[in-house]
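Student: Could you take me closely through a single part of this model, and then show how that part sits among its surroundings?

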Amino acid sequence: MLLFNDTEIFTSGNREKKVFDLPDTELILCDTLFTKEEADLYYNVLLNDTAWREYEMEIYDKTLKVPRMISWYEDKSNVGAELDRPDWTPELLQIKERVEAATQVKFNSVLLNLYRNGNDGVSWHSDREQNFGKDAIIASVSFGETRMFKLRHKFKKEIPQLEIPLHHGSYLLMGGTTQSFWQHQVPKTTKDILPRINLTFRIVDRKL
Ligand SMILES: O=C(O)CCC(=O)C(=O)O
């Protein structure tokens, strides 16, 4: 069973903002943080002007290319930030401001993911890297083709998986203990789809 269409799981909300009523997580979805015109503009600029790069991961004894492209932007004033990384672009700063106004949280970095087609995706994981803190607050913005975002509880297997379609111009806030208790993924798909872009705004603290 999938939960997204089950309105029982929302404690409050309207067409624009939904608060999920689920254990061990604070999840807020807003489908319309950006107008269609804004989302189209940001999508085109990000797709064409981002310093996208491929990324490799060590898995057991193998080095594997991650099936997506990424880019990382961070305040250069942040202790330990790599100074040779690209500067925030005007568009990224505008998106960040909008996210900060909606969440009332100040972010100092963003990871961009580009899923070029249905062969790209990210498998089950939590965002629990040391520099993000144990329970990182993450604001995830979506542009481009709708991305199916799945969540599952790590321990309470009786809780059905959630499947949240993340639309062009939407944002999803993951807070509370989400990263300790839940995992998420963006599955690959056999559908013929256009590129999907995700921005996850984060607070990085390299002193942790
Ligand atoms: O595209 C997404 O929404 C997921 C991104 C993600 O899981 C990550 O960057 O850690």
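Tutor: What follows looks at helix H1 and then turns to the ligand and the annotated domain.

The model is a predicted one, and in it helix H1 runs through residues 36–49. At 1.5 Å a residue, these 14 residues should span 20 Å, and the end C-alpha atoms of H1 are 20 Å apart, which agrees with that expectation. Along H1, the residues Ala39, Tyr42, Tyr43 and Leu46 are buried, and because they cover an arc of only 105° around the axis, they fall on the same side of the helix. The general background is that an α-helix has 3.6 residues a turn, so residues three or four places apart point the same way. The face of H1 turned away from that buried side carries Glu37, Asn48 and Asp49, which are exposed.

The cover over the buried residues of H1 includes helix H2 (90–103) together with the strands E7 (109–115), E9 (138–144) and E14 (196–202). Two of these strands, E7 and E14, are also among the elements that give two or more residues to the shell around the ligand, along with E10 (147–153) and E13 (182–186). That shell comprises Leu111, Asn113, Val122, Asp127, Ser140, Arg147, Phe149, His184, Val186, Asn198 and Thr200, and it divides into four nonpolar, five polar and two charged residues.

As for annotation, an unreviewed UniProt entry places the feature "domain: Fe2OG dioxygenase" at residues 106–205. In the model, the span 106–205 is 4% helix and 48% strand, and its end C-alpha atoms lie 13 Å apart.

Key: Residues are numbered from 1 along each chain as its sequence is written. This is a predicted model: local features need pLDDT of at least 70, side-chain atom pairs count only at pLDDT 80 or more; totals for chains, interfaces and linings use all residues. The expected span of a helix is 1.5 Å times one less than its number of residues. A residue is buried if 20 or more other C-beta atoms lie within 10 Å of its own, exposed if 12 or fewer, and partly exposed in between; C-beta atoms are placed from the backbone. The arc is that of the directions from the helix axis to the C-beta atoms. Two residues are in contact if their C-beta atoms, placed from the backbone, lie within 7 Å. A residue is near a molecule or strand if its C-beta atom, placed from the backbone, lies within 6 Å of it. Ala, Val, Leu, Ile, Met, Phe, Trp, Tyr, Cys and Pro count as nonpolar, Asp, Glu, Lys and Arg as charged, and the others, Gly among them, as polar. UniProt positions are given in the numbering used here, feature names are shortened, and annotations may be inferred rather than shown by experiment.
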